Amino acid sequence: MASDEYDVIVIGAGPTGENVAGRAVQGGLSAVVVESELVGGECSYWACMPSKALLRPVGAVGEAAAVRGVTGARLEPAEVLARRDTFAHDWKDDGQVEWLHGAKVSLVRGQGRLAGERLVAVGDVTLAARHAVVIATGTHALVPPELAGVRPWTSREATSAKTVPGRLAIVGGGVVGCEMAAAWSALGARVTLASRGPLLDRLPAFAGEQVAAGLRDAGVDVRTGVNVAAASRADGHVTLTLDDGTAVEADEVLAAAGRTPKTAGIGLDSVGLADGSWLSVDDTMRVTDVAGGWLYACGDVNHLALLTHMGKYQARVCGDAIAARAAGRAPAVVDIASRTRVPQVVFTLPEVAAVGLTAEQATAAGLRVRVVEYDIGQVAGAKLFADGYQGRAQMVVDEDRRVIVGLTLAGPGVGEIIHSATIAVVGQVPLDLLWHAVPAYPTMSEVWLRLLETYGL
């Protein structure tokens with residue numbers, strides 16, 4: 001067997017793996033990434049980019065329709081799909097490979113598999129790492145057993161389909177289910193969304209309630225509190241039998257019931273870990289259950305935050321830590337934001353944006369909290385953004401430290417103002433100081449002033 005040696009070996013060339021390798025090279029080390037599919041990973045071809053390319057035209061038409069004096073805005077499904085294809089680079093990774101070369105990161109194509117301490121086998125080649133192996137393989141869609149026999153769509157098919165299905169059933173009320181309901185309904189599919197609980201149930205209840213109302217207004221048949229009892233496919237059509245006794249007929253069904261780690265078959269058992277498991281890490285992304293400190297796990301596989309931007313953040317932390325340890329230095333101490341201060345945007349109808357802890361999470365963590373809410377539609381910038389703007393903001397304050405520990409926004413366009421909340425939460429900016437960060441008038445960011453006024457400043 002041939003053998004090659006590098007300072008760092010990264011299994012998985014998605015955004016997380018690319019950033020780990022790039023950061024390690026910037027730190028003076030050599031790095032190689034191993035990829036069995038397309039360089040750029042799930043986000044580039046089957047998740048973030050194509051899904052948001054589908055959703056942006058939907059949002060643009062909706063925003064235009066909500067402003068008096070604007071008429072004629074409409075979607076052209078074929079053009080929306082064609083534009084989506086450009087963002088997925090027609091599912092070719094030439095540009096991503098070129099980036100790796102420019103960053104001086106080597107690429108080995110094939111299925112990477114741990115073969116012992118600091119060893120990764122790829123076909124007939126064994127790669128050896130002088131300092132670290134990083135697992136950045138991400139996740140794949142979880143298909144419930146009751147749907148396994150009907151050849152369901154997963155997020156991959158939902159973001160890459162070449163035609164609009166006449167009828168689409170979606171099982172799951174999380175981010176993927178809600179976003180794809182918004183996209184495909186706007187493109188002409190008759191969509192039924194079935195969820196065992198409230199929509200977006202990890203966020204404050206008002207967010208899911210507003211999304212449910214927005215989807216229903218858009219023509220989606222939203223059913224909550226139901227499970228799929230049985231599913232069958234015949235003559236190209238799918239029938240879902242729900243546990244409330246009703247049935248849903250569809251041309252395609254999307255399984256949007258969660259994600260599972262893409263760690264089966266990558267040799268975890270060779271280093272004493274369970275095949276297919278999530279990987280526990282410390283604040284430098286080093287796997288805690290493997291001796292020797294050479295194995296790291298970044299991005300979705302460590303289950304800290306299943307979001308591309310957080311995977312890239314973890315990658316920077318990880319790459320810097322590996323480079324520091326290789327040079328005999330202790331890595332910088334970080335209070336890793338991916339534990340409690342995660343920002344996210346859900347591109348639904350309307351948008352939902354959140355960062356940090358919900359009131360329930362903060363209380364469970366032992367904090368003495370106060371919740372402040374405000375109707376975003378009362379802000380001048382929101383009134384200008386859309387006639388009859390509907391939206392809500394909820395701020396969670398740690399009363400003992402007088403800092404914001406969480407903020408959730410629901411309403412059109414809120415995704416573009418969540419970063420100010422992220423700065424406030426991550427920076428632990430005292431409310432008395434935040435009061436002097438004056439928002440420009442008339443913008444939706446003035447919701448900050450209204451929240452602080454409502455709090456009592």
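Helices and strands here are DSSP runs, numbered from the N terminus. The model is a predicted one, so let's work through it with that in mind.

**Exercise 1. Backbone oddities**

Find where Leu200 and Met285 sit, and say whether each is buried or exposed.

*Solution.* Start with Met285: look in the loop between strand 15 (259-261) and strand 16 (295-297). Its phi is positive, about 75°, although Met285 is not a glycine. Now check accessibility: Met285 comes out at 0%, so it counts as buried, the cut-off being under 20%.

Next, Leu200. This one is in the loop between strand 9 (190-195) and helix 8 (205-217). Leu200 isn't a glycine either, yet its phi is positive at about 50°. With a relative accessible area of 5%, Leu200 is buried. Why flag such angles at all? Because most residues other than glycine have a negative phi.

**Exercise 2. Cis peptide bonds**

Which residues does a cis peptide bond join, and in which loops do the prolines lie?

*Solution.* Go through omega. One cis bond links Leu349 to Pro350, with omega about 0°. Pro350 belongs to the loop between strand 17 and strand 18. Another cis bond links Tyr441 to Pro442, with omega about -5°. For Pro442, the loop is the one between helix 13 (431-434) and helix 14 (447-455).

**Exercise 3. A buried charge**

Work out what surrounds Glu351, and how far away the nearest side chain of opposite charge is.

*Solution.* First, place it: Glu351 is in the loop between strand 17 (343-346) and strand 18 (352-356). Second, look for a partner. Glu351 is buried but has no salt bridge, and Arg56, the nearest side chain of opposite charge, is 5.8 Å away. A salt bridge needs 4 Å or less, so Arg56 doesn't qualify. Third, try the backbone: a polar atom of the Glu351 side chain lies 3.4 Å from the backbone nitrogen of Val414. Finally, list the contacts beyond four places in sequence: Val346, Leu409, Ala410, Gly411, Gly413, Val414 and Gly415.

**Exercise 4. Cysteines**

How many disulfides does a search of the whole structure find?

*Solution.* The count is 0. Take Cys318 as a test case: the closest cysteine sulfur, in Cys298, is 3.7 Å from its own, too far for a bond because the cut-off is 2.5 Å. Cys318 is also buried, at 0% relative accessible area. Cys43 is buried too, at 11%.

**Exercise 5. The cores**

Which residues touch the most other members of the largest nonpolar core, and which element supplies the largest share?

*Solution.* That core has 50 residues, and Leu114, Leu127, Val133, Val134 and Leu295 touch the most other members. Elements supplying at least two residues each include strand 1 (2-11), helix 1 (15-26), helix 5 (94-102) and helix 9 (308-326). Strand 6 gives the largest share, 6 residues. Zoom in on Leu295: among its contacts beyond four places in sequence are Leu114, Val133, Val271 and Met285. Apart from this core lies another of 37 residues, among them Ile170, Ala182, Val191 and Ala410.

**Exercise 6. Ala121**

How far apart are the C-alpha atoms of Ala121 and Val134?

*Solution.* Locate Ala121 in strand 5. At 18% relative accessibility, Ala121 counts as buried. Ala121 and Val134 are 13 residues apart along the chain, and their C-alpha atoms are separated by 14 Å. Beyond four places in sequence, Ala121 is in contact with Gln111, Gly112, Arg113, Ala115 and Thr126.

Technical notes: Residues are numbered from 1 along each chain as its sequence is written. This is a predicted model: local features need pLDDT of at least 70, side-chain atom pairs count only at pLDDT 80 or more; totals for chains, interfaces and linings use all residues. Side-chain values use heavy atoms; hydrogens and water are left out. Helices (H or I, at least four residues) and strands (E, at least two) are DSSP runs, numbered from the N terminus. Buried means under 20% relative accessible area, exposed over 50%, partly exposed in between (1.4 Å probe, protein chains only). Lys and Arg count as positive and Asp and Glu as negative; His and the chain ends are not counted. A polar contact is a pair of N or O atoms within 3.5 Å; within protein, one must be able to donate a hydrogen and the other to accept it, and residues adjacent in sequence count only if both atoms are side-chain atoms. Contact means heavy atoms within 4.5 Å. A nonpolar core is a set of buried Ala, Val, Leu, Ile, Met, Phe, Trp, Tyr and Cys residues joined through side-chain atoms within 4.5 Å.
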